[in-house]
Amino acid sequence: MALSPQEQYQSDLRWMTAALDQAKRAVGLTSPNPPVGAVIVRDGVMVGCGFHKKAGQPHAEVEALNDALQKAPKQIAGSTIYVTLEPCCTTGRTPACTDAIRSARIARVVYGAKDPNPRHQGRADEVLKAVGIQVAQGIMEKECEEIIRPFRKWITRGIPYVIAKAGQSLDGRITRPVGEPAWITSEAARAHARRLRGRVDAIIVGAETVRTDNPLLTLRDADAGQGKIQPWRVVMTRTGLLPRTAHLFTDEHRDRTVVMKGQDFPEVLQELGKQGVVSVLVEGGGTILGRAFASREVDEVVWYVAPRICGGACTSAVAGLGLPASIELSGVKVSPVGDNVCISGYPVW
């Protein structure tokens, strides 16, 4: 029995949510490709699911088809596939997904977001409809767009998506008075913040952070995506005078450290974008954060606030020459992390 329009819409929401759950498993793993998830449904039952795991490997649609071939091969023909992103229709490192969908005799394709890649955008509808496949688009479009924000910026502008992160006191300081321990935020908040590294391709710090804190900038949390490689560790420096004994130059990931001397923030982004870096995390300190915000290229802010007051002699969270205007955030989320608070959102430029 055919579903009513309202029933069909509710069914589409249910299964696109499942496809989004798959796509979230791909975040941080697929650069320079976007994270995408897919599920295959027949008569109200999911018969296959999958997500894109790595550039050069099968896309989400093919992963879901392969899963269905193992679980319920007779249910594929005539089924519906839900994909968070418009299926690609050109051959790159892998064959076109529209070809795989057509060969599998899938009857209906539902996707959330249009592909921002100009080579693909809008073409899947034409290709699929031409062979009699039904197409519906825009289901949970906002949520599907959200998950590809980094890819959209990189594919359209050629520079990485920028997440700015800091941990500060109530009075906006990222250092404590001389003689006190270095940490501002709690261990729980720092562990929460480290998970951001699992989303990005590179982490940017300034030379003073390397000299003072000797950070590791490594993936140390078990919930980093399986197959995630160590992000590039990028050091911005004016002089090039850096301690060669620092962890970044001596540990097992030293070949993932890059020093960029005498370049401003937009130049660093341009260079990283050319290397296929889709997203970066700016971990500070205050001067680098100030330069990032001054460039107007920060796309997302994740700020941790601890219940501590440090005083004016300590370093400001956003230092440097100052900003030409205050920056408002949209899409703000406020989350407690123990007795610390995480505030996130998107700068309104």
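Contact here means heavy atoms within 4.5 Å, and helices and strands are DSSP runs numbered from the N terminus. With that in hand, let us walk through this predicted model.

**Helix α2 and its surroundings**

Helix α2 covers residues 60-71, which makes 12 residues. From its first C-alpha to its last it reaches 16 Å, close to the 16 Å expected at 1.5 Å a residue. Its buried residues are Ala60, Glu61, Glu63, Ala64, Leu65, Asp67 and Ala68. What covers them includes three strands, β1 (37-42), β2 (45-51) and β3 (80-85), along with helix α3 (97-103).

**The five-stranded sheet**

Those three strands belong to an open sheet of five, ordered β2-β1-β3-β4-β5, with mixed pairing. At the edges stand β2 and β5 (134-137); each has a single partner strand, so one side of each is left without a neighbour in the sheet. On average, neighbouring strands of this sheet are turned by 15 degrees against each other, direction ignored.

Inside the sheet, β3 and β4 (residues 108-113) run parallel and are joined by five bridges. Here Val83 stands opposite Tyr111 of β4. Helix α2 packs on the sheet by touching β1, β2 and β3, and its direction makes about 135 degrees with that of β2. Helix α1 (residues 5-24) lies across β1, β2, β3 and β4, running at about 55 degrees to β3.

**The eight-stranded sheet**

Further along the chain, eight strands form another open sheet, again with mixed pairing, in the order β9-β8-β7-β10-β6-β11-β13-β12. Its edge strands are β9 (257-261) and β12, each pairing on one side only. From one strand to the next the twist averages 20 degrees.

Two of its strand pairs are worth a visit. Strand β7 (residues 202-206) runs parallel to strand β8 (residues 232-237), with five bridges joining them, and Gly206 stands opposite Met236 in β8. Strands β12 (residues 329-337) and β13 (residues 340-347), by contrast, pair in the antiparallel sense over seven bridges. Ser335 has Cys342 of β13 as its bridge partner. The two strands form a hairpin with two residues between them, and Gly338 in the turn has a positive phi of about 65 degrees.

Two helices can be followed against this sheet. Helix α6 packs on it, touching β6 (161-168), β10 (279-284) and β13, and its direction makes about 130 degrees with that of β6. Helix α10 (residues 265-274) lies across β6, β7, β8, β9 and β10, running at about 150 degrees to β8.

**Rings and charges**

Aromatic rings count as a pair when their centres lie within 6.5 Å, and by this rule the count comes to two aromatic pairs. One of them joins Phe151 and Trp154 in a tilted arrangement, with 6.4 Å centre to centre and 40 degrees between the planes. These residues are three apart in helix α6 (residues 149-157), which means that about one helical turn separates them. That fits a general rule: an α-helix has 3.6 residues a turn, so residues three or four places apart point the same way. Both Phe151 and Trp154 are buried.

Arginines also sit over aromatic rings, as the table shows.

| Arginine | Ring | Distance to ring centre |
|---|---|---|
| Arg149 | Tyr346 | 3.9 Å |
| Arg244 | Phe249 | 4.0 Å |

Arg149 lies over the face of Tyr346, and Tyr346 falls within β13 (residues 340-347). For Arg244, the charged end sits over the ring of Phe249.

Key: Residues numbered from 1 in each chain as written. Predicted model: local features only at pLDDT ≥ 70, side-chain atom pairs only at ≥ 80, totals over all residues. Heavy atoms only, no water. Pairing = 2+ DSSP bridges. Helix = DSSP H or I, 4+ residues; strand = E, 2+ residues; numbered from the N terminus. Phe/Tyr/Trp six-rings, centres within 6.5 Å; stacked < 30°, edge-to-face > 60°. Buried < 20%, exposed > 50% of the residue type's maximum accessible area, 1.4 Å probe, protein only. Lys NZ or Arg CZ within 6 Å of the ring centre and 35° of its normal. Expected span 1.5 Å × (residues − 1). Axes fitted to C-alpha atoms, helices over the stretch in contact; angles between N-to-C directions.
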